[in-house]
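Visitor: Could you take me through this model, with a close look at its aromatic rings? I work with computed structures, so please give me the cut-offs as you go.

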Amino acid sequence: MTAFVALIRAVNVSGTGKLPKEDLKALGEACGFDSIRTFINSGNLLFTSDLAESMVKQRIEEKLADYFGKAVPAFVRSAEEMAEAVKANPFGDDKPSRVMAHFIDEKPVKAMLEDARVVQGERLALGPRLIYVSYGEGIGKSKLKLPAIKHGTARNMNSVARMAELLAGME
């Protein structure tokens with residue numbers, strides 16, 4: 001069994017819509033996953049499964065489409081990948097609440113950072129299927145435009161670290 005987290009894009013904040021924790025947990029059960037739990041009310045489903053990541057993603061996205069009546073992306077990561085995301089954070093000198101891990105499906109490349117616009121003190125770095133952004137003064141004041149993350153989902157490093165801990169205990 002592999003421990004996974006599915007990070008659902010824009011749940012309970014804007015964009016996708018409301019997905020109560022109870023419904024998210026039921027969605028995981030309908031997918032046939034084990035050891036299901038949620039983490040905070042922002043679309044984080046933790047579970048174990050024998051399925052390959054691609055099949056896990058497919059099942060979750062099918063159930064999300066049924067629930068919302070539209071396609072909703074899920075970014076699936078293993079316990080090992082989440083631990084690596086914490087370990088590889090290049091901005092450990094900043095407050096974890098101000099460093100965001102922007103999860104994306106494709107492998108990040110340097111050109112993605114070069115496409116950034118309106119950079120005003122933010123620091124950017126590539127990670128394992130994610131882009132780190134240190135927002136310095138906070139994300140609320142940022143005008144950063146980073147096309148590579150437009151269709152991704154973000155979690156702050158406090159949340160990433162806590163989910164990595166929870167996942168490690170599930171394996």
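Visitor: Before we get to the rings, what does the accessible surface of the chain come to, and what percentage of it belongs to carbon and sulfur atoms?

Guide: Happy to! The accessible surface of the chain is about 8600 Å², and carbon and sulfur atoms hold 50% of it. These areas come from the Shrake-Rupley method with a 1.4 Å probe, and for residues only the protein chains shown count as cover. Please keep in mind that this is a predicted model: local features need pLDDT of at least 70, side-chain atom pairs count only at pLDDT 80 or more, and totals for chains, interfaces and linings use all residues. Residues are numbered from 1 along each chain as its sequence is written, and side-chain values use heavy atoms, with hydrogens and water left out.

Let me set the scene for the rings. The chain holds 5 helices and 8 strands, where helices (H or I, at least four residues) and strands (E, at least two) are DSSP runs numbered from the N terminus. Read from the N terminus, the order of the elements is β-α-β-β-α-β-α-β-α-β-β-β-α. With a radius of gyration of 16 Å, close to the 16 Å that the globule rule gives for 171 residues, the chain is as compact as a globular protein of that length. That radius is taken over C-alpha atoms, and the rule is 2.2 Å times the number of residues to the power 0.38. The C-alpha trace spans about 45 × 35 × 25 Å along its principal axes.

Of the 171 residues, 47% count as buried; that means under 20% relative accessible area, with exposed over 50% and partly exposed in between (1.4 Å probe, protein chains only). Among contacts (heavy atoms within 4.5 Å) with a separation of 6 or more, 69% come from residues 24 or more positions apart.

Now the close look. The whole structure contains 3 aromatic pairs. For a pair, rings of Phe, Tyr and Trp (its six-membered ring) need centres within 6.5 Å; planes under 30 degrees apart are stacked, over 60 edge-to-face, and the rest tilted. F33 and F47 make a stacked pair, 4.1 Å from centre to centre with 10 degrees between the planes. F33 sits in the loop between helix 1 (21–30) and strand 2 (34–38) while F47 belongs to strand 3 (residues 44–49), so this pair ties together parts that are 14 residues apart in sequence. F33 is buried at 5% relative accessibility, and F47 is buried at 0%. The edge-to-face pair is made by Y67 and F68, whose ring centres lie 4.9 Å apart with planes at 75 degrees. Here Y67 is partly exposed at 37%, whereas F68 is buried at 19%. F33 and F47 also join F4 in one aromatic cluster.

F4 gives us a path outward, because S78 has F4 among its contacts. Setting aside neighbours within four places in sequence, S78 is in contact with T2, A3, F4 and L167. S78 is part of strand 4 (residues 74–78) and is buried at 12% relative accessible area.

At the start of the chain, M1 lies in the segment before strand 1 (2–8) and is exposed at 54%. Beyond its neighbours within four places in sequence, M1 is in contact with D34, T48, S49, D50 and E171.

A backbone detail may also interest you. Most residues other than glycine have a negative phi. V118, which is not a glycine, has a positive phi of about 55 degrees; V118 is in the loop between helix 4 (110–114) and strand 6 (123–127) and is partly exposed at 39%. R129, also a residue other than glycine, has a positive phi near 55 degrees, and R129 lies in the loop between strand 6 and strand 7 (130–134).
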